[in-house]
Amino acid sequence: MTSAVDTANLKPGFEDPVLDSQATFRAALDAFSFPGKRQRFDRLEDAPAPLNTATSAFLLMLADMDTPVWLDAKADVDQVQDFLRFHCGCPLMSKSAEGDFAVVCDANAAPRLGEFAQGNELYPDRSATVIFQVTSLDAGQTVTAHGPGIKTEVKIQAEGLPDWFWQDWAINAGCYPLGIDVLLTCGNEAIGLPRSVIVET
């Protein structure tokens, strides 16, 4: 049974649902078309803690009743659940492998990348897009990324990822066309990492 939504403390969605959704879709498309290039998700003024505005806008634009979402323990709180149920109508899953979208707010307790939906040989698109909220896109370990959408190479920094993240990313990229896609978000900015990107540490 679905829990009742507490509308008294509900954060609002897009002010202009059509135009704001279109702008957010464009930002998401550019994030994954041009990996490593920072994109602004600035059409949502507020977000339910602990989600940042980029994560919230991305889910608001893409999640619906046909796209299950998994939240880590830090994100799995009443006001986030209410926000997603009310604005998106998406089912919230208890296991990381069950989500089409997944949100990681606590790097220290994050599942390994292989624990999210990987797709299969017939349907590689049945894999997860995992949102990792990070503390900075200007600090942390610098890595060099290559692949489709990158002219030569691009440097990426992200502070607040699990220590094992880039090691797992190499395994994930090696499974292409299977594997997950990742969106790194910080505030109202994000960087896309499609599974086709190869990263050197």
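Q: Ala, Val, Leu, Ile, Met, Phe, Trp, Tyr, Cys and Pro count as nonpolar, Asp, Glu, Lys and Arg as charged, and the others, Gly among them, as polar. What mix of classes does the lining of the largest pocket have?
A: Seven nonpolar, three polar and four charged residues. Keep in mind that this is a predicted model, where local features need pLDDT of at least 70 and side-chain atom pairs pLDDT 80 or more, while totals for chains, interfaces and linings use all residues. Residues are numbered from 1 along each chain as its sequence is written, and side-chain values use heavy atoms, leaving out hydrogens and water.

Q: What makes a residue part of that lining, and which ones lie nearest the centre of the largest pocket?
A: A pocket is an open set of points on a 1 Å grid where a 1.4 Å probe fits, with protein on both sides within 12 Å along at least five of seven lines, and a lining residue has an atom within 4 Å of a point. Here 14 residues qualify, and Ala28, Phe32, Phe58, Leu62 and Thr129 lie nearest the centre. Helix H1 (17-33) and helix H2 (53-62) each chip in at least two (helices are DSSP runs of H or I, at least four residues; strands are runs of E, at least two). H1 has the largest share, with five.

Q: What makes the largest nonpolar core a core, and which members touch the most others?
A: Such a core is a set of buried Ala, Val, Leu, Ile, Met, Phe, Trp, Tyr and Cys residues joined through side-chain atoms within 4.5 Å, and buried means under 20% relative accessible area with a 1.4 Å probe, protein chains only. This one has 30 residues, and Phe132 and Trp169 touch the most other members. Elements giving two or more residues include strand E5 (129-133) and helix H4 (165-174). H4 gives the most, four.

Q: Why are E1 and E3 called edge strands?
A: Two strands pair if DSSP finds at least two bridges between them. The open sheet runs E1-E9-E8-E5-E4-E2-E3, with mixed pairing. E1 (39-40) and E3 (92-93) each have a single partner strand, so one side of each is left without a neighbour in the sheet.

Q: How do you know that E2 pairs with E4?
A: Count the bridges: three join E2 (residues 69-71) to E4, and the strands run parallel. Leucine 71, for one, has valine 103 in E4 as its bridge partner.

Q: Which residues of H3 are buried, and what do they pack against?
A: In H3 (residues 78-87), Val80, Gln81, Asp82, Phe83 and Leu84 are buried. These pack against H2, E2 and E3, where contact means heavy atoms within 4.5 Å.

Definitions and conventions: Buried < 20%, exposed > 50% of the residue type's maximum accessible area, 1.4 Å probe, protein only.
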